[in-house]
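Me: I should like to work through this model step by step. Please answer each of my questions with a short line of reasoning.

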Amino acid sequence: MSHRIRFEGLDEVFECRNNESVLVAMERLGLAVVPVGCRGGGCGVCKVRVLDGWYHTGKMSRAQVTEQEEREGYALACRLYPDGPLVLQAIGKLVRVT
Amino acid sequence: MALTGVLRPGFVQIRVLDMKEALTHYCDRLGLFEVSREKDGRVYLHAMDEFDRHSVILREADQPGMDRMGFKVRTEHDLDLFEKRLRDVGMEVEHVEAGEQPGVGRRISFVAPTGHRFDLYAEMEQSALPPMTHNPDVMQVDPKGMGVQRFDHCLLYGDDLDGTERVFVEALDFEVSETVTAPDGTRIASFLTCSNKAHDLAIVRHDEKGKFHHASFLLEDWSEVGRAADIITRYNISIDIGPTRHGITRGKTIYFFDPSGNRNEVFAGGYSYYPDNPRRNWDADEVGKAIFYYERVLNDRFMGVVT
Ligand code: FES
Ligand SMILES: [Fe+2]
């Protein structure tokens, strides 16, 4: 079973497997919609906002997603597990070094 | 005379989001051994080639990162001397009672200008499973996972790099073995040693205080780095980069993340440092080679992903 992930304003649509985080699915498919950091809910670079859809999350650093933000649909893509199709907005940034 | 004063990095206390996942990672994958779990929830771990009781302390918290890093000094008397010298360079020094960590004597503690807390201590109980000393075999127990030999160093990110460097050099007798410098002369990275190793502590300039880049563990050689990479892929551990080599320190390395997003390194090799060696410096426009010698470019994660 997999779920369709769409980012607002982007044409790219991809499928995320059950029990697979949105970030890992994106990476596995060779897409680069959201920056990839620690993949462990710690660094915050993969931050997104869920605009629509059902989901659950794993543990995320409180320094990256506050309780308030969590209620407003913010999540870390590496800890975001879809329970149905999702529409997301990319938030996280990674400083470019080159 | 062998080493005096500050001997080596002795422990690092790391915050993790989930203790069970963290223990699988640090014990089964890296190969640390669990020493004890205390009432406050902290779990103490030991690497197979260390004589002291523990070197890694895990604490469950709602945000990952590093709580503190401890350096072992040679004598009790050194603690008093360093306390005075730390105060002389403007550090506030706190006392941590003996036993705050099981088996550890009194500590002195200060927050460096980059916002990181460091402890110094002279006494730690010996491990119940230390390396052998009588007709010593190369190992006392079979290695697990990557089979890391010891906790080796940390790389930390913070704003006042010059301030922290000054404290370690002026108050604690560290030497700066290697640096990265911007065209305007600003120091971007500083590699500090208190020993014969290329580094015992590294600091990179960063706009936020108190950030943790990685804790590093020693392997024996390049083939063990390759085997660590096999384990990383086999168990789907979050990889950062490598196996590769650092231009700085020349260590052969692999970077990856624990399940809470804290970066780890396992590495082998690196040059020997002597205090009469001239300092090595890299220009900022060669920083790719300095950090990742084979790729010759930084990945975006190196500068931007910390806990
Ligand atoms: S990649 Fe670090 S929090 Fe998601
Ligand atoms: Fe390192």
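Me: The side chains of K59(A) and D18(B) meet in what kind of interaction?
Reply: This is a predicted model, and in it the closest N to O distance between K59(A) and D18(B) is 3.4 Å. The cut-off for such a pair is 4 Å between a side-chain nitrogen of Lys or Arg and a carboxyl oxygen of Asp or Glu. The interaction between K59(A) and D18(B) is therefore a salt bridge.

Me: Where do the two partners K59(A) and D18(B) lie?
Reply: The pair crosses between chains. K59(A) belongs to the loop between β4 (55-57) and α2 (67-71) of chain A. Its partner D18(B) lies in the loop between β1 (6-16) and α1 (19-29) of chain B.

Me: Which class of accessibility does K59(A) fall into?
Reply: The relative accessible area of K59(A) is 41%. Buried means under 20% and exposed means over 50%, with partly exposed in between. K59(A) is therefore partly exposed.

Me: In the salt bridge of R28(A) with E20(A), is E20(A) buried or exposed?
Reply: The closest N and O atoms of R28(A) and E20(A) are 2.7 Å apart. R28(A) has 37% relative accessibility and counts as partly exposed. For E20(A) the value is 8%, and the limit for a buried residue is under 20%. E20(A) is therefore buried.

Me: How many residues apart are D152(B) and K197(B)?
Reply: The side chains of D152(B) and K197(B) form a salt bridge at 3.3 Å, N to O. D152(B) is in strand β9 (residues 150-158) of chain B, whereas K197(B) is in the loop between β11 (187-193) and β12 (201-205) of that chain. The pair thus links distant parts of the chain, and the separation is 45 residues.

Me: Which residues are joined into one network by salt bridges that share partners?
Reply: By the salt-bridge rule, the count over all chains comes to 33. Where salt bridges share partners, they join residues into one network. Its members are D40(B), R42(B), R68(B), E100(B), R107(B) and D119(B).

Me: Which residues coordinate the iron ion (ligand 2)?
Reply: The coordinating distances are 2.1 to 2.2 Å. In sequence the donor residues are spaced H-x60-H-x50-E. The donors are H153(B) through NE2, H214(B) through NE2 and E265(B) through OE.

Me: How many residues apart are H153(B) and E265(B)?
Reply: H153(B) is in strand β9 of chain B, and E265(B) is in strand β16 (residues 263-268) of chain B. H153(B) is buried, with a relative accessible area of 1%, and E265(B) is buried as well, at 2%. The pair links distant parts of the chain, and the separation is 112 residues.

Me: In what order do the elements of chain A run from the N terminus on?
Reply: Chain A has two helices and seven strands. Read from the N terminus, the order is β-β-α-β-β-α-β-β-β.

Me: What is the radius of gyration of chain A?
Reply: For 98 residues the globule rule gives 13 Å. The value for chain A is close to this, so the chain is as compact as a globular protein of that length. The radius of gyration is 12 Å.

Me: What percentage of the residues of chain A count as buried?
Reply: Chain A exposes about 5000 Å², of which carbon and sulfur atoms supply 46%. A residue counts as buried under 20% relative accessible area. Of the 98 residues of chain A, the buried share is 51%.

Terms used:
Residues are numbered from 1 along each chain as its sequence is written. Chains are lettered from A and ligands numbered from 1 in the order in which they are written. This is a predicted model: local features need pLDDT of at least 70, side-chain atom pairs count only at pLDDT 80 or more; totals for chains, interfaces and linings use all residues. Side-chain values use heavy atoms; hydrogens and water are left out. Buried means under 20% relative accessible area, exposed over 50%, partly exposed in between (1.4 Å probe, protein chains only). Helices (H or I, at least four residues) and strands (E, at least two) are DSSP runs, numbered from the N terminus. Donors are N, O and S atoms within 2.8 Å of the metal (3.2 Å for Na, K and Ca); water is not among the atoms, so sites may look incomplete. The radius of gyration is taken over C-alpha atoms; the globule rule is 2.2 Å times the number of residues to the power 0.38. Accessible areas come from the Shrake-Rupley method with a 1.4 Å probe; for residues, only the protein chains shown count as cover.
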